[in-house]
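Open the model in your viewer and keep the sequence panel visible. The stops below say what to select and what is there.

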Amino acid sequence: MEFKAFMIDMIRNELEDAVGVENVSTSSAEKLTYGVDYFWVSRMWADKGLRPPEADFIVHPGSAEETSKVLKIANYYKIPVQTWGGGSGSQGSALPMAGGILLDIKHMNKLISIDEETRSITAETGMVFQLLEWYANERGFSLMHLPSCLTCGTIGGALGHRGVGILSTKYGKIDDITLNMEVVLPNGDIINTLPVPKHAAGPDLNQIFIGSEGTLGVITKATFRMLPMPEVRKFRAFLFPNFSTGLKACRDIVQKVKPSILRLFDQAETVSIIKDVLGFSKEGSFMNLAFEGNAEIVAIEEKIAYAVCEKYGAMDLGSEYGEKWFNHRITFFYPGHIMNNPQMFGTMDTACTFANVEEVYWAMKHAVEDNFPGVRFIAHCSHWYDWGTMIYDRFIMDEPPEDPEEAIRLHNQIWNAGVRAAMENGGIINDHHGIGLKLSRLMKEQYGPAMQVMEGLKKSLDPNGIMNPYKLGL
């Protein structure tokens, strides 16, 4: 719907009445700022001086009640709404592709409570996750959720994309530590999920909204469990002859004990990024391993895991490289170490069972490198489950096409080839970066007739289709 100038002023006045004049903007500078996140295409547009997609109104609500008012206005006028946290997403989930309202939630950043008896912490979702972790640390606790975007991603972003941290093999993903949430539905109703996530009172409502990327409502508050800081955290690094052998060792380890960190790098990443950051120069498949918790239990777990590594012919590299990796875990994402424009790049993280992991890895690698000259494929497995693992795979092209349309076409072709290769061999579209705009078109291919379940939820909760259009295949 296209509004005339007078109606634009009227809608802006209504939004200002809801959240305050100072919390609504239509400035060109702000619109440009909110048109670029970490999604490669949006950064390419900015680098080439092109205008990214722009919202009509930038709105900063300060509470769930103000968010409710904004969504009621948006529903009445059938205006699209996109929720923005820290802008650190890599799949374009927050980009205002349909214009309308850009809802920046960072003013909702209050700590609500810390319950040391239950060992839980509650906060508004506009808070940067590092701050939440610091609040827990002050009381001797940790959420054990340490993603690479810890210092720039918000609580809402982690929930919206079903995020994961580096300690997930022991402690789980964001959904595993979430107890309950406050959500503003598209019609403006404010709801709360049940006090605990494990029950037989129907489906867990948390799981409907976690991972929904702002398509079903706005998560405004959440409660997470905390754990005491570990008594010890011990590191060790190993070098396997090849990626295949390392995968088998990792499978055996996670089905015997629970390391907090288990990261296995293929040879391409071992001799490039690992060498660059850690100064490690041997060929093979590098593995970083960490155990933490009670010192006596850690000692037993280490003994079991090291015996597995020895069984598969790994070279013991001691604790130095493991500790160095942990201390530099964010350095891997700093300029000079991570892929960056003008390179073309993408992270096609997938997940699969142990039976399929090698097939998925090689299928993706061949699909990317054999079909697209000048594109290289590197990968590591960094989040492990009892049944399988995720593959954090990336493609990099140093000299992409100069023409923006040609570059986007090639970018999409590489993604299509790699992700479809994963699906054809037992992998899924994405493990933890989310779907966003980048992978939206592949959701129906992944789910087939099951997609109607999500489409039904969308139609029921958001009949006017205002929430984050064109994302998550909805």
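Select Y361: with a relative accessibility of 4%, this residue counts as buried (under 20% relative accessible area, with over 50% called exposed and anything in between partly exposed, using a 1.4 Å probe and protein chains only). This is a predicted model, in which local features need pLDDT of at least 70 and side-chain atom pairs count only at pLDDT 80 or more, while totals for chains, interfaces and linings use all residues. Residues are numbered from 1 along each chain as its sequence is written, and side-chain values use heavy atoms, leaving out hydrogens and water.

Add W362, which is partly exposed at 40%. Next, show F243 and F377: ring pairs link these two with Y361 and W362 into a cluster. Rings of Phe, Tyr and Trp (its six-membered ring) pair if their centres lie within 6.5 Å; planes under 30 degrees apart are stacked, over 60 edge-to-face, and the rest tilted. The structure holds 13 aromatic pairs.

Now select F265 and F286. Why is this pair tilted? The ring planes are at 55°, so the pair is tilted, and the centres lie 6.0 Å apart. F265 sits in strand β13 (residues 261-265) and F286 in strand β14 (residues 285-293), 21 residues apart. Strands are DSSP runs of E with at least two residues; helices are runs of H or I with at least four, and both are numbered from the N terminus. F265 is buried at 2%, and F286 is buried at 0%.

Finally, select helix α4, residues 64-77. Its buried residues include A64, L71 and Y77. Just after α4, K78 has a positive phi of about 55°.

Conventions:
The expected span of a helix is 1.5 Å times one less than its number of residues.
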